[in-house]
Amino acid sequence: MDLESGKLEKDRDKTIRSNKIVKIQNQALLSGLAYCISSCSMILVNKFVLSSYDFNAGISLMLYQNFISVVIVSILSSLGLISTEPLTWRLIKVWLPVNVIFVGMLVTSMFSLKYINVAMVTVLKNVTNVITAVGEMYLFKKHHDSRVWTALFLMIISAVSGGITDLSFHATGYAWQIINCFLTASYSLTLRRVMDTAKQVTKSGNLNEFSMVLLNNTLSLPLGILLIFVFKEVDYLCTTPLLRMPDFWLVMTLSGFLGLAISFTSMWFLHQTGATTYSLVGSLNKIPLSVAGIVLFKVPTSLENSASIFFGLLAGVFFARAKMRERS
């Protein structure tokens, strides 16, 4: 009777649907965890290399990480596991201005991270949102509502108060971080302008994340080599005993894999959820990162500085929510 009435088929359909929902939720949770772990680990490992090992060649570290990314993406592309656009001269000429900013963004990030603790770096990075919002207003005539500007104002207050109360304040580190904020915002704004032009010169008419990773990292190699000579890191590399330590090479290689893992996991997480969830999780992810940075590196802090950091992190979450409402 059940077979004739179709109840068995209905129950089976319900079971299949419920299994699909559970699978999607598990994928979203797994991809979110992978993204959070890889992004937190990347910053902490870089800090460990630059500060704990006292490695004074941030450009060389960036160059090695980018080289690892190029090798892995090229291998995966040749095996047919991912698809990438071929690097043509037309594409390189279009992308080169963006890549110069990209390299500057990575280099200044390394320089600032050596001198500033992880928690303050995450708070100061909020200034990038302020510069980007102003740039969008003037370049793209995009207007933001009052909630977004309130969040941005709170970010500025937290960055200023955090800097004033920072017990391990380093002027050089703060200067590099401010430059990094301007370069990061410039990269974001320039990328929007160049992306459409770049798509037109590709063979498929598209430019996916893997192609961007390969393009950015490949073009960064000759520029990185030039900067190594400009900043005289070659002399340091020839004399430092760190390059003769296997454990140091292991940590450096790990940082390269983590850098690429961020690209893969962010795409996976974005595909499983959406831009809104991705943005909010990215803001919330700064909270455990800041705590881990203070605890692992034994950063001297005060109640005022801790309050400023926490205030800045909450401002970041408030900004993400305000942007979500603005989009909706």
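Student: Leu 79: buried or exposed?

Tutor: Start with the rule. Buried means under 20% relative accessible area, exposed means over 50%, and partly exposed lies in between (1.4 Å probe, protein chains only). Leu 79 has 60% relative accessibility, so Leu 79 counts as exposed. Leu 79 sits in the loop between α3 and α4. Helices (H or I, at least four residues) and strands (E, at least two) are DSSP runs, numbered from the N terminus.

Student: What kind of model is this?

Tutor: This is a predicted model: local features need pLDDT of at least 70, side-chain atom pairs count only at pLDDT 80 or more, and totals for chains, interfaces and linings use all residues. Residues are numbered from 1 along each chain as its sequence is written, and side-chain values use heavy atoms, leaving out hydrogens and water.

Student: How many helices and strands does the chain have?

Tutor: The protein chain has 14 helices and zero strands. Of its 328 residues, 45% are buried.

Student: Which residues form the nonpolar patch with Leu 79?

Tutor: Patches take residues with over 30% relative accessible area and no salt bridge; like charges are joined within 9 Å, nonpolar side chains (Val, Leu, Ile, Met, Phe, Trp, Tyr) within 5 Å. Here Leu 79 is joined by Phe 67, Val 71, Ile 75 and Leu 81. Together they have about 500 Å² of accessible area, by the Shrake-Rupley method with a 1.4 Å probe, where for residues only the protein chains shown count as cover.

Student: What is the phi of Gly 80, just after α3?

Tutor: Gly 80 takes a positive phi of about 80°.

Student: How many salt bridges are there?

Tutor: A salt bridge is a side-chain nitrogen of Lys or Arg within 4 Å of a carboxyl oxygen of Asp or Glu. The structure holds two. In one, the closest N and O atoms of Lys 114 and Asp 54 are 3.0 Å apart. That pair links distant parts of the chain, 60 residues apart: Lys 114 lies in helix α4 (residues 89–115), Asp 54 in the loop between α2 (7–52) and α3 (58–78). Lys 114 is buried at 18%, whereas Asp 54 is partly exposed at 43%.

Student: Which residue pairs with Asp 145?

Tutor: Arg 147, at 3.5 Å from N to O. Asp 145 is partly exposed at 22% relative accessibility. Arg 147 is partly exposed too, at 34%.

Student: How should the length of α8 be checked?

Tutor: The expected span of a helix is 1.5 Å times one less than its number of residues. Helix α8 (residues 171–200) has 30 residues, so it should span 44 Å; its end C-alpha atoms are 44 Å apart, which agrees.

Student: Where does α8 bend?

Tutor: A bend is the angle between axes fitted to the seven residues ending at a residue and the seven starting there. α8 bends by about 35° at Val 194.

Student: Which residues of α8 are buried?

Tutor: First, the helix rule. An α-helix has 3.6 residues a turn, so residues three or four places apart point the same way. The buried residues of α8 include Tyr 174, Gln 177, Asn 180, Cys 181, Ala 185, Leu 191, Val 194 and Ala 198. Cys 181 has 3% relative accessibility.

Student: How many disulfides are there?

Tutor: A disulfide is a pair of cysteine sulfur atoms within 2.5 Å. The count is zero. For Cys 36, the nearest cysteine sulfur, that of Cys 40, is 6.4 Å away.
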